[in-house]
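This report is meant for a reader who is meeting the protein for the first time. Please keep the sequence and the three-dimensional view at hand while reading on.

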Amino acid sequence: MKRFVITIGREFGCNASEVGRELAARLGVKFYEKELVVRAAAVAGIDEDSISNPDRKVKRNDITHLMQYFINEFGYGITSSYFSEKAIGAQAYVIRQIANTESCVMFGRCADYFLSEFGNTLNVFLYAPLEFRIRHVHEAYKLTQIDAEKLIKKIDKKRHDYYKTVTGKNRGDRHGRNLMIDMQMFSVEDAVDLIYRAAQKRFGID
């Protein structure tokens, strides 16, 4: 079986990170999340102090902390350095280097775009109605529903702006996506199962 990469894009508040981790574990491959940012920052020479400490605990019930935490965690808009041609080139280099080395699941970072000519990919996008995501963030991070909505809209805008800058396309555009899943309709386990079955068909996994 050839190397393969599953890319996962998402709207904030869909529990997509959990889907990615469980999918990678089921496939027996590595899950690349924040490491894509760290590696690209090193290649581009971006100060690692601008990336949040992975050991820092998430302070629930604190909208200001959570907003900064999620912005910092993936390098969206902390500094214009991440939107520079050098940083975007470094991100593309890191993603393609990994794809040429191993099978894996990649989370965000425009991996679907950077690997558009790679061939052996499955591009997934997870989304859900705003009301569902507000409820999830409200419960997961102990925020008021008003603050949960603010956080969702802020993070989604940061991610959309980054994706638009890099690709020239809208993040939720169906073109280039092979599988789109409404997380209001399916549990994490259901979503993992759907993607796994699609991967079996796409990559010939037993």
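## A helical pair and its surroundings

Glu-18 and Arg-21 sit together in helix α1, where they are three residues apart, about one turn of the helix. The two are joined by a salt bridge in which the closest N and O atoms are 3.0 Å apart. Both partners count as partly exposed, Glu-18 because its relative accessibility is 27% and Arg-21 because its own value is 39%. It should be said at this point that the model is a predicted one, and that the description which follows rests on that prediction.

## The overall plan

The protein is built from eight helices and five strands, and from the N terminus on these elements follow one another in the order β-α-β-α-α-α-β-α-β-α-α-β-α. Of its 206 residues, 50% count as buried, while the accessible surface comes to about 10,200 Å², of which 47% belongs to carbon and sulfur atoms. Among contacts between residues at least 6 apart in sequence, 71% join residues that are at least 24 apart.

## Nonpolar cores

In soluble globular proteins, nonpolar side chains tend to be buried together. Which residues touch the most other members of the largest nonpolar core? In this core of 28 residues they are Ile-6, Leu-23, Leu-27, Val-105 and Met-183. Two or more residues each are given to the core by strand β1 (5-10), helix α1 (16-27), strand β3 (104-107), strand β4 (121-127) and helix α8 (188-203), and of these elements α8 gives the most, with seven residues. Apart from this core lies another, made of 20 residues, among them Val-5, Ile-95, Phe-114 and Tyr-163.

The surroundings of Met-183 can be followed in some detail. When residues up to four places away in sequence are not counted, Met-183 touches Cys-14, Val-19, Leu-126, Tyr-127, Ala-128, Phe-132, Val-188 and Ala-191.

Helix α8 also includes Leu-194, which together with Met-185 and Phe-186 makes a nonpolar surface patch of about 280 Å². Leu-194 counts as partly exposed because its relative accessibility is 34%, a value between the 20% limit for buried residues and the 50% limit for exposed ones.

## Salt bridges

The structure holds 11 salt bridges in total, and the table sets out three of them, including the pair already described in helix α1.

| Residues | Helix | Closest N and O atoms |
|---|---|---|
| Glu-18 and Arg-21 | α1 | 3.0 Å |
| Asp-161 and Lys-157 | α7 | 2.8 Å |
| Arg-197 and Asp-193 | α8 | 3.1 Å |

Asp-161 and Lys-157 are separated by about one helical turn, because they lie four residues apart in helix α7 (residues 145-167). Asp-161 is partly exposed, with a relative accessible area of 29%, whereas Lys-157 is exposed, with a relative accessible area of 52%. Arg-197 and Asp-193 are likewise four residues apart in helix α8, so that about one helical turn separates them. In this pair Arg-197 is exposed, at a relative accessible area of 53%, and Asp-193 is partly exposed, at 23%. Elsewhere, salt bridges that share partners join Glu-11, Arg-133, Asp-156 and Arg-171 into one network.

## Residues in loops

Three loop residues complete the picture, beginning with Glu-33, whose place is in the loop between β2 (30-32) and α2 (35-44). Is Glu-33 buried or exposed? Glu-33 is buried, because its relative accessible area of 18% falls under the 20% limit. The side chain of Glu-33 is joined to that of Ser-17 by a polar contact of 2.8 Å.

Asn-15 lies in the loop between β1 and α1, and its phi is near 60 degrees, a positive value in a residue other than glycine. Asn-15 counts as partly exposed, since its relative accessible area is 32%. Arg-109, found in the loop between β3 and α5 (111-114), also has a phi near 60 degrees, which is positive although the residue is not glycine. Arg-109 counts as buried, because its relative accessibility is 1%.

Notes. Residues numbered from 1 in each chain as written. Predicted model: local features only at pLDDT ≥ 70, side-chain atom pairs only at ≥ 80, totals over all residues. Heavy atoms only, no water. Core = buried A, V, L, I, M, F, W, Y, C linked by side-chain atoms within 4.5 Å. Buried < 20%, exposed > 50% of the residue type's maximum accessible area, 1.4 Å probe, protein only. Contact = heavy atoms within 4.5 Å. Polar contact = N/O pair within 3.5 Å; in protein donor to acceptor, adjacent residues only side chain to side chain. Patch = residues over 30% accessible without salt bridge, like charges linked within 9 Å, V, L, I, M, F, W, Y side chains within 5 Å. Areas by Shrake-Rupley, 256 points an atom, 1.4 Å probe, with all protein chains shown as cover. Salt bridge = Lys/Arg side-chain N within 4 Å of Asp/Glu carboxyl O.
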